[in-house]
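Colleague: I am new to this structure. Please take me through its aromatic rings, and then through the core around them.

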Amino acid sequence: MTRPLILPSMVLALLALAGCGPKYQVAEVNGRVTLDGAPLDMVRVEFLSTTGPRSTGETAANGRFSLTLDAPKPQKGAIVGSHKVVLLDLWPMKDNKLGDGGEWVDNSNGKTPRIDSKYYDVGISPLSAEVKAGQVNEIEFKVDAKKKKR
């Protein structure tokens with residue numbers, strides 16, 4: 001008698017699973033990263049939400065970035081709500097590459113990051129942002145230079 005109920009139950013379960021991944025409320029996020037008032041290019045910007053996937057972007061020559069949600073179906077923006085923000089200065093690595101044998105070749109010529117390392121680690125980054133629903137969010141980050149060794 002239970003056999004006739006198995007097929008409809010399986011069909012309902014499959015329908016429930018099909019295309020029913022998590023739904024996030026997302027809003028567009030653009031912004032700018034500056035150091036001493038000057039725009040910073042080649043900085044990776046990551047917004048880390050506690051309620052879903054992160055969003056990332058990279059600054060252009062004018063310091064501006066746009067975020068994209070890092071999800072199975074990427075879309076412009078970030079999840080609505082609070083985010084911790086981390087920045088990674090890609091500038092010293094722009095000339096790095098993999099060699100013919102797969103080894104990492106450092107072509108940075110001694111270049112070091114331009115921004116303080118506190119921005120790299122989500123545990124100590126002082127940066128945060130609030131993404132608001134129904135609007136284009138414009139966020140500016142004014143960052144400190146890398147601390148000089150004494």
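Modeller: Start with a definition: rings of Phe, Tyr and Trp pair if their centres lie within 6.5 Å. This is a predicted model, and it holds two aromatic pairs.

Take Phe47 and Phe141. Their ring centres are 6.1 Å apart, and the planes meet at 70°. Planes over 60 degrees apart count as edge-to-face, so this pair is edge-to-face. The pair links distant parts of the chain. Phe47 sits in strand 4 and Phe141 in strand 14, 94 residues apart. Both residues are buried.

Now take Phe65 and Phe141. Here the centres are 6.4 Å apart and the planes lie at 15°, so the pair is stacked. Phe65 belongs to strand 6 (residues 64-66) and Phe141 to strand 14, so this pair ties together parts 76 residues apart in sequence. Phe65 is buried, as is Phe141. Phe47, Phe65 and Phe141 make up one aromatic cluster.

Next comes the core. The largest nonpolar core has 21 residues. Phe47 and Phe141 are among those with the most contacts inside it, along with Val45, Leu87 and Val143. Elements that give two or more residues to this core include strand 4 (43-49) and strand 14 (137-143). Strand 2 (29-35), strand 10 (81-89) and strand 13 (128-131) do so too.

Finally, look around Phe47. Leaving out residues up to four places away in sequence, Phe47 touches Phe141 and Ile139. Phe47 also touches Val29, Leu67, Ala78, Val85, Ala129 and Val131. Its other contacts include Arg54, Ser55, His83 and Lys84.

Note on methods. Residues are numbered from 1 along each chain as its sequence is written. This is a predicted model: local features need pLDDT of at least 70, side-chain atom pairs count only at pLDDT 80 or more; totals for chains, interfaces and linings use all residues. Side-chain values use heavy atoms; hydrogens and water are left out. A nonpolar core is a set of buried Ala, Val, Leu, Ile, Met, Phe, Trp, Tyr and Cys residues joined through side-chain atoms within 4.5 Å. Buried means under 20% relative accessible area, exposed over 50%, partly exposed in between (1.4 Å probe, protein chains only). Helices (H or I, at least four residues) and strands (E, at least two) are DSSP runs, numbered from the N terminus. Contact means heavy atoms within 4.5 Å. Rings of Phe, Tyr and Trp (its six-membered ring) pair if their centres lie within 6.5 Å; planes under 30 degrees apart count as stacked, over 60 as edge-to-face and the rest as tilted.
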